[in-house]
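I'm opening my notebook on this one. I want to look at a sheet, one residue in it, and the pockets.

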Amino acid sequence: MSTTVPTPVFVPRPKAEQGGEQTPEADVPVKIGVRRLNFFYGRAQALHDISIDVPERVVMAFIGPSGCGKSTFLRTLNRMNDTIPGTRAEGDVLLDGEDIYAPGTDVVSLRRRVGMVFQKSNPFPKSIFDNVAYGLRINRLTENKSELNERVEQALKDAALWSEVKDRLKTSALGLSGGQQQRLCIARALAVRPEVVLMDEPASALDPI
């Protein structure tokens, strides 16, 4: 993998929210802090000495050539790389000031707080409704069926999919087009209302307008 460092790009909030000319870094608490992060696939080093702060309530994009480590870096922020044998991270990744790689970290809870949408859509072999409701159910985030229905509907609206599927929520998600499946995965991630959403080229599988 190339050692080229991905370039971070801020999309700041409107100035009215920022209180004048202040930058996002100046007036917003740090949500994710990365300190001297190195990452390895076996003996091959993929990330080299990365340090960066990500403030709350901003959109940040990482831009770089294919293979420069963008996906690897994103996956260090909710420990998705843990699922790959032989990998290891060195350095600190802080979420609200707490090291997510500290011993005893609840990784399931971490991934609930830091959701992720992958480049390739990965809907579950379930109905459209059950795909979006999955995280809400297993984490017991709703009090009743009415609230569950409302959360599913809102997530589908947020992902610009509701109008296309509202009359077939009980049909299989695997019957959707590739672009619809990707929007479904975005809705599934948004439904649990994570504190952070990581998106790895989420628009690459969307249908062209």
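Before I start on the sheet, a term: two strands pair if DSSP finds at least two bridges between them. I also note that this is a predicted model.

Entry 1, the sheet. I looked up the strand order and got β3-β2-β5-β6, an open sheet of four strands with antiparallel pairing. β3 (44-55) and β6 (98-99) are the edge strands, each pairing on one side only. I then checked β2 against β3: they run antiparallel and are joined by eight bridges. One bridge I picked out links Tyr41 to its partner Ala44 in β3.

Entry 2, Lys31. I found Lys31 in strand β2 (residues 30-41). Is Lys31 buried or exposed? Its relative accessible area is 11%, and the cut-off for buried is under 20%, so Lys31 is buried. Leaving aside neighbours within four places in sequence, I listed its contacts, among them Glu56, Asp96 and Glu195.

Entry 3, the largest pocket. I read off a volume of about 900 Å³. Its lining has 33 residues, and Met60, Leu74, Val197, Leu198 and Met199 lie nearest the centre. By class I got 20 nonpolar, six polar and seven charged. β4 gives the largest share of this lining, five residues. Where does the largest pocket lie? Domain 1 (29-105) and domain 2 (108-208) both give residues to its lining, so it lies between them.

Entry 4, the second largest pocket. I noted a volume of about 630 Å³ here. It is lined by 24 residues, with Arg111, Gly115, Met116, Phe124 and Arg188 closest to its centre.

Terms used:
Residues are numbered from 1 along each chain as its sequence is written. This is a predicted model: local features need pLDDT of at least 70, side-chain atom pairs count only at pLDDT 80 or more; totals for chains, interfaces and linings use all residues. Side-chain values use heavy atoms; hydrogens and water are left out. Buried means under 20% relative accessible area, exposed over 50%, partly exposed in between (1.4 Å probe, protein chains only). Contact means heavy atoms within 4.5 Å. On a 1 Å grid over the protein atoms alone, a cavity is a set of points where a 1.4 Å probe fits but cannot get out, and a pocket is an open set with protein on both sides within 12 Å along at least five of seven lines; lining residues have an atom within 4 Å of a point. Grid points are joined across faces, edges and corners, and a volume is the space filled by probe spheres set on the points. Ala, Val, Leu, Ile, Met, Phe, Trp, Tyr, Cys and Pro count as nonpolar, Asp, Glu, Lys and Arg as charged, and the others, Gly among them, as polar. Domain bounds come from an automatic or database domain assignment.
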